[in-house]
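Subject: the model I mentioned

Hi,

Here is the structure I said I would send over. Have a look at it first, and then read my notes underneath.

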Amino acid sequence: MTSPQPPRPAQDSSPLPTPQPPRPSPAAPEGYDKHAFEPFAVTADLAVLTVRAGTLHVLLVERGQEPYAGSWALPGGFVLPHESAEQAARRELAEETGLSGATAARLHLEQLRTYSEPDRDPRMRVVSVAFAALVPDLPEPRGGGDAAQARWLPYDRARPLAFDHDRILADARERVGAKLEYSCLATAFCPPEFTLGELRQVYETVWGVPLDRPNFRRKVLATPGFVRPVEGPPRRTGGRGKPAALYRAGEATALHPPLLRPEGRTEGRTEGRTE
């Protein structure tokens, strides 16, 4: 005997709601006086860092105009009325450093924070939206716009900078250092095939602290998808010791668990070592 089928739920035959046209942008209230407040400007500044020849470098421009003419500064400039802060940051990066628009467009910029101290710019009240990036393989820059020149300078020799850019740069290094804890970005600064010693040097360069070699090796190899071994004979190191195994970047994009910086270690220059 066939068991009875449960009744089907009744279909809703009510008509679909008619889409409403987008609401127009609201206008300023009648009688609103935008001149009742002191005007101020908004700028976008960029702290772009990379690792070159085993040393942390920052992209800087020499200011060609006052204030701070002749001083090094982070690339950046005023946000135009039709721009967002990020659009202005990419435009200024291309104009002041000579990097192509395509190169500036593909950089992954992270908004760092807003700097709004009243006296940070002697010209007028200026609020800066700062961005940070840690990227490999950028070309040599050249000055443009109101920048006399642009150059990659070692982080340790970059200061003093114009305005409050010393503070922005320090905050940016802290941000990109934290990014290495949770992402696989460090492998982008290594050759296609690298030793764990070369990978460790990237972390030591950005973090500014020496790392324990066995502990670093254990953590890297225990992180799923971080690196993959290269088949074939190990590569002989430049110093004493047995040849080192080669690795490639794995398929992971995030580190689980994260590779945390050691606590209580003093920042400083680290000597390059092979492994």
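Let me start with the sheet: β2 and β7 pair in the antiparallel sense, with 7 bridges between them. Please keep in mind that this is a predicted model. One of the residues to click on in that pairing is Glu-62, whose bridge partner in β7 is Gln-149.

β2 (55-63) has further partners. With β1, which covers residues 41-52, β2 forms an antiparallel pair over 4 bridges. Here Leu-49 sits opposite Val-58 of β2. The hairpin of β1 and β2 leaves 2 residues between the strands, and Ala-53 takes a positive phi there, near 50 degrees. Then there is β3 (72-73), which runs antiparallel to β2 and is joined to it by 2 bridges. Glu-62 turns up again here, this time opposite Trp-72 in β3. So how much of β2 is covered? Mostly covered is the verdict, as 8 of its 9 residues are buried.

Next, the loops, where I found two cis peptide bonds to show you. One of them joins Glu-66 and Pro-67, with omega at about 0 degrees. Pro-67 belongs to the loop that links β2 and β3. Tyr-68 is in that loop too, and this residue has a positive phi of about 65 degrees despite not being a glycine. Is Tyr-68 buried, partly exposed or exposed? Its relative accessibility is 36%, so Tyr-68 counts as partly exposed.

The other cis bond is between Arg-159 and Pro-160, and omega there is about 10 degrees. Pro-160 is in the loop that runs between β7 (147-154) and α3 (165-182). Phe-163 is found in that loop as well. Like Tyr-68, it is a non-glycine residue with a positive phi, here about 55 degrees. Phe-163 comes out as buried, because its relative accessibility is 17% and the cut-off for buried is under 20%.

Back to β1 for one more residue, Val-51, which has its place in that strand. Which residues does Val-51 touch once its neighbours within four places in sequence are left aside? The contacts are with Leu-56, Phe-189, Thr-205 and Val-206. For another link across the chain, take Val-51 and Cys-190: they are 139 residues apart in sequence, and 9.6 Å separates their C-alpha atoms. Val-51 has a relative accessible area of 18%, so it counts as buried, the limit being under 20%.

Last, the surface. Phe-40, Val-42 and Met-124 make up a nonpolar patch there, and together they have about 250 Å² of accessible area. Met-124 comes from the loop between β5 (110-115) and β6 (126-134). With a relative accessible area of 35%, Met-124 is partly exposed.

If you would like a short route through the model, begin at Glu-62, with Gln-149 as its partner in β7 and Trp-72 opposite it in β3. From there, go on to the cis bond between Glu-66 and Pro-67, then to Tyr-68 with its positive phi. After that, compare the cis bond between Arg-159 and Pro-160 and the positive phi of Phe-163. Finish at the nonpolar patch of Phe-40, Val-42 and Met-124.

Cheers

Definitions and conventions:
Residues are numbered from 1 along each chain as its sequence is written. This is a predicted model: local features need pLDDT of at least 70, side-chain atom pairs count only at pLDDT 80 or more; totals for chains, interfaces and linings use all residues. Side-chain values use heavy atoms; hydrogens and water are left out. Buried means under 20% relative accessible area, exposed over 50%, partly exposed in between (1.4 Å probe, protein chains only). Two strands pair if DSSP finds at least two bridges between them. Patches are made of residues with over 30% relative accessible area and no salt bridge: like charges are joined within 9 Å, nonpolar side chains (Val, Leu, Ile, Met, Phe, Trp, Tyr) within 5 Å. Accessible areas come from the Shrake-Rupley method with a 1.4 Å probe; for residues, only the protein chains shown count as cover. A salt bridge is a side-chain nitrogen of Lys or Arg within 4 Å of a carboxyl oxygen of Asp or Glu. Contact means heavy atoms within 4.5 Å.
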